[in-house]
There are 2 protein chains.
Amino acid sequence: MTSARSSRNGSTPGEGAVGGTTRPTAAAGSAAPTRTPERGIPEATVARLPIYLRALISLAERGIATCSSEELATAAGVNSAKLRKDLSYLGSYGTRGVGYDVEYLRYQIAREIGVTQDWSVVIVGIGNLGHALANYSGFTSRGFRVVALLDSDPNRLGELVGEMRIRSAGELEAVVVEHDVAIGVIATPALAAQEVCDRLVAAGVTSILNFAPTVLSVPPGVDVRKVDLSIELQILAYHEQRKAMSAPDEADLSRVVESA
Amino acid sequence: MTSARSSRNGSTPGEGAVGGTTRPTAAAGSAAPTRTPERGIPEATVARLPIYLRALISLAERGIATCSSEELATAAGVNSAKLRKDLSYLGSYGTRGVGYDVEYLRYQIAREIGVTQDWSVVIVGIGNLGHALANYSGFTSRGFRVVALLDSDPNRLGELVGEMRIRSAGELEAVVVEHDVAIGVIATPALAAQEVCDRLVAAGVTSILNFAPTVLSVPPGVDVRKVDLSIELQILAYHEQRKAMSAPDEADLSRVVESA
DNA sequence: TCCAGTTTGTTCCCGCGTTCACAAACTCCT
DNA sequence: AGGAGTTTGTGAACGCGGGAACAAACTGGA
């Protein structure tokens, strides 16, 4: 049924062999006898690792080679204690009294997340949002390679988006198998989303990023993450309403609800 | 400093006066002597209320007038116990032995979130993503009115997006004050985001939806929500990598990580 | 070598959120 | 009227995540 996933098209999944300058001494030699290092990173931590990764990249671009947990935490917008606890789930990659080597930690987080290898991504539904996603540089710059843009509208076939041609939605299964696609992005209207999802899953996709305003049902083993623009606005509206009713007329600066 | 927010341009913020057919009997007459009804809805619940609202709208469009917590929960993709507890924070809007009146509950949730009134929204940064946001029907259909599209690129000024013209970023302050804008959407590149944010806040905006891949710092009293497309993909990649290493070669369906 | 200063990694505690389970309340049928 | 069946609303238990505080470990100077 599902295509046998054979060889992931990774680039350099091995150990080391990256800009590991001034590698901390006690990294792989003696540590971690107590905890199983590769098991069970909390979901909340996983959600923050990409933020740390981005902050590290920003620090590296500014030529900073070493940083403390305090500096990295402020760059990422979190508490330093939380940052240290998050990083401790990956292992002991810092040096006490010194801090973290930016390049080394950056590689370790990237490897833990899985962005040291390339992931093939297919985008289905090339409307306004699909266009934006296809042109989004944040995908390709982080190890995600968009291998196909699919749409069911015959009028859009062949249209160029960036450097890529829009292909027919009928080619979905062939594209997924050919490029060993594991991640699918759904940017279709709500009505088409479930059918597209089913076809992606049947073809072998096991992770789906859903922009359609619908609840997708998927079999076990398939991950779905949902991004809903109007829901985010509604959450803001709720807090906005409460601010307006707590301060009847004049301006506010009353309460911190959720600082970045 | 901040413009004195005077009269919110609401449509019908009052009580009742909506399609409240077959209103449950024990709604406003006798209930809620124990809990203060308008205080402190948990944040996790607030984040789910828009999902319930959408599910109710979908049920209403299919002509369903009454639903049980089980039905609504499956439509929203959550546990029925969680749904009932969430709704209990709003009040007792159901009828035991019967269920919930779809239209009535829909109005109550909409009122609680604050989407029974209109919210003026300004979008800053009309690139690919800004285009998509400006054309997104989910905004206007839920009480959010996009009153201006701003961009700093002189070549884009005057360009039509949908039915709206792109205006200069220099008009930001004037637009915010004129339309009493409380919610700003930032879709600029990362480097411009903080400056745009500062100007929005200084002009009186107290809620910001940020699509730029940057951590924004805002004063107390201002809410920021962040949507980052590449972070979502990276979270999927993490789980995908773990699936790939738990099942060495052949396909999976091994573990439910996070079902929708 | 030893001591002071610094920063990480970890432990403990607390509060929030989720889930189960059940009493309360309503409908319907006899 | 009364009882069986159904469904809501909520109390209690439990697990996860956040935050503070502290011991361990490293650097640098005397």
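I count a residue as near a strand if its C-beta atom, placed from the backbone, lies within 6 Å of it. The model I am reading is predicted.

**Entry 1: DNA strand C**

I looked up the surroundings of DNA strand C and found 27 residues around it. The closest are Ser69(A), Gly94(A), Gly97(A), Pro42(B) and Gly97(B). I then asked which elements carry this surface. From chain A, α3 and β3 (99–101) each supply at least two residues. From chain B, α1 and α3 each do so. α3(A) gives the most, with five residues. I sorted the surface by class: ten nonpolar, ten polar and seven charged residues.

**Entry 2: DNA strand D**

Next I turned to DNA strand D. I found 26 residues around this strand. Pro42(A), Gly97(A), Ser69(B), Gly94(B) and Gly97(B) are the closest. α1 (43–61) and α3 (80–90) of chain A each supply at least two residues of the surface. On chain B, α3 (80–90) and β3 (99–101) each supply at least two. The largest share, five residues, comes from α3(B). By class I list ten nonpolar, ten polar and six charged residues near DNA strand D.

**Entry 3: α2 and α3 of chain A**

α3(A) came up at DNA strand C, so to speak, as the top contributor; I checked how it packs on α2(A). The axes of α2(A), residues 69–76, and α3(A) lie 8 Å apart, at an angle of about 105°. The two helices are therefore roughly perpendicular to each other. On the α2(A) side I find Ser69(A), Glu70(A), Leu72(A), Ala73(A) and Ala76(A). On the α3(A) side I find Ser80(A), Leu83(A) and Arg84(A). The contact residues divide into four nonpolar, two polar and two charged. Ser69(A), in this contact, is also one of the closest residues to DNA strand C.

**Entry 4: α1 and α4 of chain B**

I moved to α1(B) and its packing on α4(B), residues 102–113. Their axes come within 9 Å and cross at roughly 150°. That makes α1(B) roughly antiparallel to α4(B). The crossing is left-handed. I noted the residues that meet. α1(B) brings Leu49(B), Pro50(B), Tyr52(B), Leu53(B), Leu56(B), Ile57(B), Leu59(B) and Ala60(B). α4(B) brings Val102(B), Glu103(B), Leu105(B), Arg106(B), Ile109(B), Ala110(B), Glu112(B) and Ile113(B). By class the contact has 13 nonpolar, no polar and three charged residues.

**Entry 5: α9(A) against α1(B)**

α1(B) also packs across chains. Helix α9 of chain A, residues 229–246, meets α1(B), residues 43–61, at an angle of about 125°. Their axes are 9 Å apart. I call the pair oblique, as the angle is about 125°. The crossing is right-handed. From α9(A) I read Ile231(A), Gln234(A), Ile235(A) and Tyr238(A). They meet Val46(B), Ala47(B), Pro50(B) and Ile51(B) of α1(B). This contact has seven nonpolar, one polar and no charged residues. Pro50(B) appears here and in the contact with α4(B).

**Entry 6: the sheet of chain B**

I followed α9(A) further. Which strands of chain B does α9(A) lie across? They are β4 (119–124), β5 (144–151), β8, β9 and β10. α9(A) runs at about 165° to β9(B). I then traced the sheet itself. It is open, with seven strands in the order β6-β7-β5-β4-β8-β9-β10 and mixed pairing. β6 (160–161) and β10 (223–226) of chain B each have a single partner strand, so one side of each is left without a neighbour in the sheet. Inside the sheet I looked at β8(B), residues 183–186, and β9(B), residues 207–210. They pair in the parallel sense over four bridges. Ile186(B) stands opposite Asn210(B) in β9(B).

**Entry 7: the sheet of chain A**

I repeated the reading on chain A. Seven strands form an open sheet in the order β6-β7-β5-β4-β8-β9-β10, with mixed pairing. Its edge strands are β6 (160–161) and β10 (223–226) of chain A, each paired on one side only. β4(A), residues 119–124, and β8(A), residues 183–186, pair in the parallel sense over four bridges. Val124(A) stands opposite Ile186(A) in β8(A). Which helix packs on this sheet? I found α9 of chain B, residues 229–246. α9(B) touches β4, β5 (144–151), β8, β9 (207–210) and β10 of chain A. Its direction makes about 165° with that of β9(A).

Conventions. Residues numbered from 1 in each chain as written. Chains lettered and ligands numbered in written order. Predicted model: local features only at pLDDT ≥ 70, side-chain atom pairs only at ≥ 80, totals over all residues. Nonpolar A, V, L, I, M, F, W, Y, C, P; charged D, E, K, R; others polar. Axes fitted to C-alpha atoms, helices over the stretch in contact; angles between N-to-C directions. Parallel < 35°, antiparallel > 145°, perpendicular 65-115°, else oblique. Left-handed = near helix turned anticlockwise from the far one by under 90°. Contact = placed C-beta atoms within 7 Å. Pairing = 2+ DSSP bridges.
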